[in-house]
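Dear colleague,

I am passing on the structure we spoke of, and I would be glad if you could look through it alongside the notes below.

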Amino acid sequence: MEQELALDDATFKMVAERCIDRMRFQGQHAKAIEVHKVLIRRFDNEPQYRNQLAVSYLYMNRCVPIFADYEGIETDQQGTQDGRFYFQLGDALQRLGRNSEALDVYRKGVQKKLFLSLYQRSLYNVDGLRSRPFWTEEQTTYATELELIRAQWQQVRDEGLKLLSSAGVFVNESENLRDRGDWKQLELFSRGTRVERNCGRAPLTCRLVEQYFPAARTCKRGQVKFSVMHPGTHVWPHCGPTNCRIRAHLGLSVPPGTYIRVAEETR
């Protein structure tokens, strides 16, 4: 730390901000908090670093005082023009049932080029990638891999249902996306890493993924998991953190009346 503090201010800021950015991208928000605190100690008269600390706490779903004045995001003052503030303000308004106001916030984010579009509000993006509400298997370029997994869907279903009957195996969804109902998950691969304990419980499914779909198994910003929503469950509108991944769903036990909406398209 002494060597880091000996850096000139510009270099120190660049290194610290890049470190925070990488930690956030990998979901390591708790580690990013410590870097934020170092920045605040060194540059205590620069409010944008407190603003950014608040954003990391929000990503962790922790309730903290918000240092940014959300009513001032249109002022263009230093530290206020950040897509994460627009993202969190819109999300909060949606959860209060103020959907038209939330969409207005998102539209302003698009106008300021903080979001790719009204519905694609990811903050870590690769330029030039196409976006669609729904993709065909052929459009993903992974049609062969998806078909190989789907051909084994009954075995995957049976393995998942057996685990579902075991207490304590599935855990609650952890990103605070559930509006109502019961949503539980069992993570098998996370950010390119095999979750050994859970793969020990679901060896067939993990073997299929590793054998037939290595791109999903090694995705550094992705997951492979069992996901169970009980009847009556509703999820808040949300989007992922990056545009460089596509989520595929393999329905294993789907009752009538179940649907998913992406942007303005419902299936």
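What follows covers confidence, the nonpolar cores and the aromatic rings.

This is a predicted model, in which local features need pLDDT of at least 70 and side-chain atom pairs count only at pLDDT 80 or more, while totals for chains, interfaces and linings use all residues. Residues are numbered from 1 along each chain as its sequence is written, and side-chain values use heavy atoms, with hydrogens and water left out.

The mean pLDDT (the predictor's confidence in each residue, from 0 to 100) is 87, and 90% of the residues reach 70 or more. Over residues 63–69, however, pLDDT stays under 50. Where pLDDT is low, the predicted coordinates should not be read in detail.

The largest nonpolar core (buried Ala, Val, Leu, Ile, Met, Phe, Trp, Tyr and Cys residues joined through side-chain atoms within 4.5 Å, where buried means under 20% relative accessible area with a 1.4 Å probe, protein chains only) has 17 residues, and L163, F170 and F226 are among those with the most contacts inside it. A second, separate core of 14 residues includes M23, I40, F43 and Y49.

F43 and Y49 also form one aromatic cluster with F12, and the charged end of R42 sits over the ring of F12 (CZ of Arg or NZ of Lys within 6 Å of the ring centre and within 35 degrees of the ring normal), 4.3 Å from its centre. The structure holds six aromatic pairs (Phe, Tyr or six-membered Trp rings with centres within 6.5 Å; planes under 30 degrees apart are stacked, over 60 edge-to-face, the rest tilted). The ring centres of Y106 and F115 are 6.1 Å apart with planes at 70°, so this pair is edge-to-face, and both residues are buried.

Best regards

Notes: Buried < 20%, exposed > 50% of the residue type's maximum accessible area, 1.4 Å probe, protein only. Contact = heavy atoms within 4.5 Å.
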